[in-house]
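Reader: I would like a close look at a single glutamine and at the part of the protein around it. Please start with the residue itself and work outward.

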Amino acid sequence: MAKNKKLAGGVMTREQWLLKETRIVARMRLDGASEDEVIEKTQTENLFQYPTERMLRNIAGVCNKRIDALDDERLVRIIASGMPGAAAQTNLYAMMSAYPLMRHFMTTEIARHYRELDYSFTRTDMNAYFTELTAEYESFATIADSTVTKLKSVLRRCLLEAGVLTKDGYLQRVLLDPDFEDILHERKDYAALAAFGEREAL
């Protein structure tokens, strides 16, 4: 296959999981703060407890992007005030909504493992996934090895944090928060449901 397509997602090496930060921003946005106001308040009050203003500004912008990508106040509310597990699931979905690479990874590689009842997800599986990306996507054919290594680490950590992957390398069917699950069904986002191991969506 010709390498004539791009798949964005390299920025995840800098942005990563950020659940704590996204929850803070979600609360401010629900309280009516604009994107610019969120960034300003994050900087002036050092809400993330970061060492530099530049980091604060950048990460606040990232969190705004994820909130906007959800495009649903109910999902934002789950991140802002939901139980930790529900917030983690929704944060992963926000990343799937904001980053094409994360959605591709979840809806192809992870969903395939669930569909085939293959619950082992090892470093070999992750390496094979990136080998396929290199063959198919121009943007991964020239990416630095160090960036690929970092992306693999970020993707694995996100699976762990969202409760999709166990520490010993096994996928588990996620007990989805009922409100989160209902919204995905309402959206007919069956690909995302399959990525969380929902049998009826596989």
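Author: Gln89 sits in helix α6. Its relative accessibility is 5%, so Gln89 counts as buried, the cut-off being under 20%. This is a predicted model, and the protein averages a pLDDT of 93, with 98% of the residues scoring at least 70.

Leaving aside residues up to four places away in sequence, Gln89 touches Ala162, Val174, Leu175, Leu176, Asp177, Phe180 and Phe196.

The helix that carries Gln89 also matters to the count of the core. Of the 71 residues in the largest nonpolar core, those that touch the most other members are Leu92, Met102, Phe105 and Val164. Helix α6, which spans residues 84-98, supplies the largest share of this core, 9 residues.

Val164 deserves its own list. With residues up to four places away in sequence again not counted, Val164 is in contact with Leu92, Ile110, Tyr114, Leu159, Tyr170, Leu171, Gln172, Val174 and Phe196. Two names link the two lists: Val174 and Phe196 touch Gln89, and Val174 and Phe196 also touch Val164.

Next, the cysteines. The structure holds 0 disulfides. Cys63 is in no disulfide, and the nearest cysteine sulfur, which belongs to Cys158, lies 13 Å away. A disulfide would need the two sulfur atoms within 2.5 Å. Cys158 is likewise in no disulfide, its nearest cysteine sulfur being that of Cys63 at 13 Å. Cys63 is buried, with a relative accessible area of 0%. Cys158 is buried too, at 1%.

Now the whole protein. It has 12 helices and 0 strands. The radius of gyration is 17 Å, close to the 17 Å that the globule rule gives for 202 residues, so the protein is as compact as a globular protein of that length. Along the principal axes, the C-alpha atoms fill a box of roughly 45 × 40 × 30 Å. Buried residues make up 47% of the 202 residues. Among contacts with a separation of 6 or more, 69% are between residues 24 or more positions apart. The accessible surface comes to about 10,200 Å², and carbon and sulfur atoms account for 49% of that surface.

A last point concerns confidence. Among the elements, helix α5 (residues 73-81) has the highest mean pLDDT, 98, and helix α9 (residues 138-141) has the lowest, 82. Where pLDDT is low, predicted coordinates should not be read in detail.

Definitions and conventions
Residues are numbered from 1 along each chain as its sequence is written. This is a predicted model: local features need pLDDT of at least 70, side-chain atom pairs count only at pLDDT 80 or more; totals for chains, interfaces and linings use all residues. Side-chain values use heavy atoms; hydrogens and water are left out. A nonpolar core is a set of buried Ala, Val, Leu, Ile, Met, Phe, Trp, Tyr and Cys residues joined through side-chain atoms within 4.5 Å. Buried means under 20% relative accessible area, exposed over 50%, partly exposed in between (1.4 Å probe, protein chains only). Helices (H or I, at least four residues) and strands (E, at least two) are DSSP runs, numbered from the N terminus. Contact means heavy atoms within 4.5 Å. pLDDT is the predictor's confidence in each residue, from 0 to 100. The radius of gyration is taken over C-alpha atoms; the globule rule is 2.2 Å times the number of residues to the power 0.38. Accessible areas come from the Shrake-Rupley method with a 1.4 Å probe; for residues, only the protein chains shown count as cover.
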